[in-house]
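I opened my notebook to look through one model and jot down what caught my eye. Here it is, so you can follow along.

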Amino acid sequence: MGRIGRLGVRVYGLAAIALGLVGLAFGDFAAVWQPVPATVPGRTLLAYAVAAALLAAGLAIQWRRTSRLGAVALTALYGLGVLVLHLPRVIAHPISFSPYAGVAEQMALTAGGLFAVALTADLTAVARGRLIKTGEVIFGVCLISFAAAHFVYLPDTAAYVPKWLPPSQTFWAFATGAAHLAAAIAILSGVLARLAARLLTVMFVGFSLLVHIPNLLADHSHFSWAANAINLALIGAAWAMADALDRRDA
């Protein structure tokens with residue numbers, strides 16, 4: 001892995017380490033992000049296995065020799081989560097928005113894995129370009145879903161915004177939804193896509209600083225730990241996308 005792209009991929013891997021450690025500490029799946037039914041046989045053992053796999057893949061990404069293997073593994077793990085856990089919920093509740101939002105969040109992390117593979121694997125320029133383009137399309141579509149979630153659940157989204165932040169909680173809920181939509185348009189169209197990816201990374205970091213970390217400090221629950229890990233994964237995915245676009249267009 002060259003100088004370009006190193007930080008984004010490593011943050012993406014660090015998030016997998018965090019998610020794995022949270023799973024091992026609580027002996028459970030990551031709440032709404034890994035909605036494994038309670039009736040699944042051997043559920044606790046399976047939760048430990050998935051957590052260990054995330055931890056191992058996240059660690060693998062941190063070293064040059066194993067970074068490609070780690071990137072491929074995380075792409076597969078997040079993608080498998082979409083197929084096994086989230087798509088069945090869409091099929092069962094096709095007119096409900098929530099299951100689609102779950103698919104989008106995990107697909108964005110899967111796209112992050114594609115960017116990580118593009119930055120770590122020994123690929124031809126054409127193959128790397130196709131992989132990055134596929135990731136762009138997936139991530140861009142997911143951002144449309146993120147924007148829609150902000151608007152559909154505007155009161156719920158506003159409740160997450162710190163009350164002290166001017167001008168109002170509703171303003172920032174709407175503004176961040178609009179920012180997701182603007183980023184989606186830029187990434188899907190290719191117009192200012194690299195800038196959009198960088199600004200998106202900054203926005204996700206802002207979510208951590210203003211929402212997720214304060215929530216964790218106030219409530220050390222499994223949900224709060226998992227939410228921080230997932231948002232860190234989104235930071236890493238967006239950062240890896242920006243780095244991948246830098247490398248492709250260099």
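My entries below go from the core to a helix pair and then to some backbone oddities.

**Entry 1: the core**

I started with a reminder to myself that this is a predicted model. Then I looked up the largest nonpolar core, which holds 54 residues. Which of its residues touch the most other members? I found Y78, F139 and L200. Next I checked where the core comes from: α1, α2, α3 (67-92), α4 (97-120), α5, α7, α8 and α9 each supply at least two residues. The most comes from α9, which gives 14 residues.

**Entry 2: F139**

I picked F139 for a closer look. Leaving out residues up to four places away in sequence, I listed what F139 touches: A108, A111, F115, L200, F204, A237, A238 and M241. L200 turns up here again, and L200 was one of the residues touching the most other core members.

**Entry 3: α5 against α9**

F139 also led me to a helix pair, since F139 is one of the α5 residues in the contact with α9. How do the axes of α5 and α9 cross? I noted that α5 (residues 125-152) and α9 (residues 222-249) have axes that come within 11 Å and cross at roughly 140 degrees. Angles over 145 would count as roughly antiparallel, so I logged α5 and α9 as oblique to each other. The crossing in which α5 passes α9 is left-handed.

I wrote down both sides of the contact. On α5 I have R128, G129, I132, K133, E136, F139 and F146, and on α9 I have L234, A237, A238, M241, A244, L245, R247 and R248. Sorted by class, this contact has nine nonpolar, one polar and five charged residues.

**Entry 4: backbone oddities**

I kept a rule of thumb in mind: most residues other than glycine have a negative phi, and most peptide bonds are trans. Here are the exceptions I logged.

- The peptide bond from P166 to P167 is cis, and its omega is near 0 degrees. I placed P167 in the loop between α6 (154-160) and α7 (169-189).
- A31 is not a glycine, yet its phi is positive, near 45 degrees. A31 sits in the loop between α1 (6-26) and α2 (43-61).
- L192 has a positive phi as well, near 60 degrees. I found L192 in the loop between α7 and α8 (193-218).

Are these two loop residues buried or exposed? A31 has a relative accessible area of 32%, so I put A31 down as partly exposed. L192 comes out at 59%, so L192 counts as exposed.

Definitions and conventions. Residues numbered from 1 in each chain as written. Predicted model: local features only at pLDDT ≥ 70, side-chain atom pairs only at ≥ 80, totals over all residues. Heavy atoms only, no water. Axes fitted to C-alpha atoms, helices over the stretch in contact; angles between N-to-C directions. Helix = DSSP H or I, 4+ residues; strand = E, 2+ residues; numbered from the N terminus. Parallel < 35°, antiparallel > 145°, perpendicular 65-115°, else oblique. Left-handed = near helix turned anticlockwise from the far one by under 90°. Contact = heavy atoms within 4.5 Å. Nonpolar A, V, L, I, M, F, W, Y, C, P; charged D, E, K, R; others polar. Buried < 20%, exposed > 50% of the residue type's maximum accessible area, 1.4 Å probe, protein only. Core = buried A, V, L, I, M, F, W, Y, C linked by side-chain atoms within 4.5 Å.
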